[in-house]
Every structure is written in C-alpha cells, then in structure tokens.
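Subject: Handing over a structure, with notes

Dear colleague,

I am passing a structure on to you, and the notes below it are meant to be read with the structure open. Please look through it first and then follow the notes in whatever order suits you.

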Amino acid sequence: MIKMVKLKVKLGDITKEKVDAIVNAANTTLLGGGGVDGAIHRAAGPALNVACARFHGCSTGEARITPGFELPARYIIHTPGPIWQGGNHGEATLLANSYRNSLKLAIENDCQTVAFPSISTGVYAYPLAQAAQIAVKTIQTVLKQQPQLEVTMVCFDSKTYQAYLDALNEK
C-alpha cells in the first residue's frame with residue numbers, strides 16, 4: 001500500500017523544523033539577506049555563508065543545496081524566487097520553478113521531509129494569494145509522482161497561514 005502524502009500547512013518558525021531539508025527563500029547571491037533568508041543564515045551559523053559563496057550565486061527559479069549546519073534540518077535548499085513586477089514578466093513560471101527545482105534537489109538527496117516558507121511574498125512583493133496557489137499546485141503535482149515525500153508549508157504569520165490554507169482547500 002502506498003502511503004498517502006499530504007501537503008501540510010502550519011504556523012511557525014522554519015529554522016526550528018526537524019526535517020530532512022528546509023527551503024530558503026534566498027536572493028540570487030545566496031549570501032543572506034532579510035526575512036526568512038536572514039533568519040536561516042543567522043540560525044545556521046557562519047559556515048553557511050562559506051558554503052553558499054562556493055556557488056557564486058544562483059539564478060531565479062533555480063536551486064542549490066548545502067548542509068543544514070547548526071539547524072535541526074539535514075540540508076538547506078536555497079532558491080531565489082522572482083521579484084514581483086506586475087505579473088507579466090514570467091513571475092508565475094519562475095515561482096513554480098523555485099518550488100519544483102527545490103523538490104527535485106530534495107529527491108536527488110534522498111530527502112523525505114521538506115519544509116518550505118512562502119517564497120517571494122515578503123520583500124519581493126509577490127501577491128500572497130497568487131503565490132500560495134502556485135506553490136500548492138506545483139507541490140501537489142510533484143507529490144503525485146513522489147509519494148515518499150512529505151511537504152510542510154511553514155508560515156511565519158497568520159495572514160500567510162490563511163492564504164495557504166485557502167489555496168489548499170481550493171483543490
């Protein structure tokens with residue numbers, strides 16, 4: 001019997017998640033920044049910057065993986081999401097790629113549990129409801145092909161949590 005995998009949504013601090021991999025909503029330098037990116041870099045410790053510097057950046061929608069260092073997660077998957085520019089500059093495709101490519105790296109590294117933040121909805125200003133729909137649809141598509149995965153959306157605040165619950169309930 002195949003275990004049914006659910007996409008879960010929870011309110012919390014992604015840096016505290018005990019999972020195989022947490023996803024970092026990184027910038028293209030991968031060298032830390034504000035929001036969840038800064039929080040992950042602070043919690044993981046200075047070795048994370050050294051590991052990220054070796055990549056010489058990462059294009060929007062792509063992903064890179066590092067050890068979790070001082071985090072309870074085994075790995076950190078870094079993905080720069082798109083900056084919102086009105087919706088006519090490929091933002092939806094780039095955002096879906098961030099989720100898809102992060103999950104691809106998780107699978108390639110034998111991860112079974114993955115925690116995501118809400119990518120691009122902070123300082124990158126992606127409209128929350130649209131971003132949540134893209135995230136849920138993309139993750140669920142991957143989960144259909146990868147039943148061993150367990151994915152949790154870890155939302156920092158109640159507004160984000162509600163947007164992801166709404167997106168999940170639309171399915």
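Helices and strands here are DSSP runs, of at least four residues for a helix and at least two for a strand, and they are numbered from the N terminus. Please keep in mind throughout that this is a predicted model.

With that naming in hand, K18 can be placed in the loop between strand 1 and strand 2. K18 has a relative accessible area of 74%, and because anything over 50% is called exposed, K18 counts as exposed. The C-alpha atom of K18 is separated by 25 Å from that of F55, although the two residues are 37 places apart along the chain.

Salt bridges

The structure holds four salt bridges, and three of them are described here, beginning with one that involves E17. The side chain of E17 meets that of K10 in a salt bridge, with 2.9 Å from N to O. The two partners differ in how much of them is accessible, since E17 counts as buried at 11% relative accessibility, whereas K10 is partly exposed with a relative accessible area of 33%.

A second salt bridge is formed by the side chains of D20 and R74, at 3.5 Å from N to O. This pair links distant parts of the chain, for D20 lies in the loop between strand 1 (7-11) and strand 2 (21-26), while R74 lies in the loop between strand 3 (64-67) and strand 4 (75-80), 54 residues apart. D20 has a relative accessibility of 18% and therefore counts as buried, the limit being under 20%, whereas R74, at 42%, counts as partly exposed.

A further salt bridge joins the side chains of E108 and K104, at 3.6 Å from N to O. Both residues belong to helix 3 (residues 91-108), where they are four residues apart, which is about one turn of the helix. E108 is partly exposed, with a relative accessible area of 48%.

A buried acid without a salt bridge

Which side chain of opposite charge is nearest to D37, a residue that is buried yet has no salt bridge? It is R42, at a distance of 8.8 Å, and a salt bridge would need a nitrogen within 4 Å of a carboxyl oxygen, so that distance does not qualify. D37 is found in helix 1 (residues 35-44), and its side chain is joined to that of N24 by a polar contact of 2.8 Å. Leaving aside neighbours within four places in sequence, the residues in contact with D37 are N24, A25, A26, N27 and G32.

Strands that pair

Strand 2 pairs with strand 5 (residues 113-116) in the parallel sense, over two bridges, and in this pairing I22 stands opposite A115 of strand 5. Strand 5 also runs parallel to strand 6 (residues 150-155), and four bridges join the two; here V114 stands opposite V151 of strand 6. Between strand 5 and strand 6 the chain crosses through helix 4 (residues 128-145), and this β-α-β crossover is right-handed.

An arginine in helix 3

R100 has its place in helix 3 and is partly exposed, with a relative accessible area of 39%. Not counting residues up to four places away in sequence, R100 touches T138 and V142. From R100 to T141 the separation in sequence is 41 residues, and in space their C-alpha atoms are 9.1 Å apart.

Two residues with positive phi

You may also wish to look at the backbone of D110, where phi is near 55°, a positive value in a residue other than glycine. D110 is placed in the loop between helix 3 and strand 5, and at 61% relative accessibility it counts as exposed. A125 likewise has a positive phi, near 65°, in a residue other than glycine. A125 is found in the loop between strand 5 and helix 4, where it counts as partly exposed at 45% relative accessibility.

With kind regards

Definitions and conventions:
Residues are numbered from 1 along each chain as its sequence is written. This is a predicted model: local features need pLDDT of at least 70, side-chain atom pairs count only at pLDDT 80 or more; totals for chains, interfaces and linings use all residues. Side-chain values use heavy atoms; hydrogens and water are left out. Buried means under 20% relative accessible area, exposed over 50%, partly exposed in between (1.4 Å probe, protein chains only). Lys and Arg count as positive and Asp and Glu as negative; His and the chain ends are not counted. A polar contact is a pair of N or O atoms within 3.5 Å; within protein, one must be able to donate a hydrogen and the other to accept it, and residues adjacent in sequence count only if both atoms are side-chain atoms. Contact means heavy atoms within 4.5 Å. Two strands pair if DSSP finds at least two bridges between them. A crossover is right-handed if, with the strands pointing away from the viewer, the path from the first strand over the helix to the second runs clockwise.
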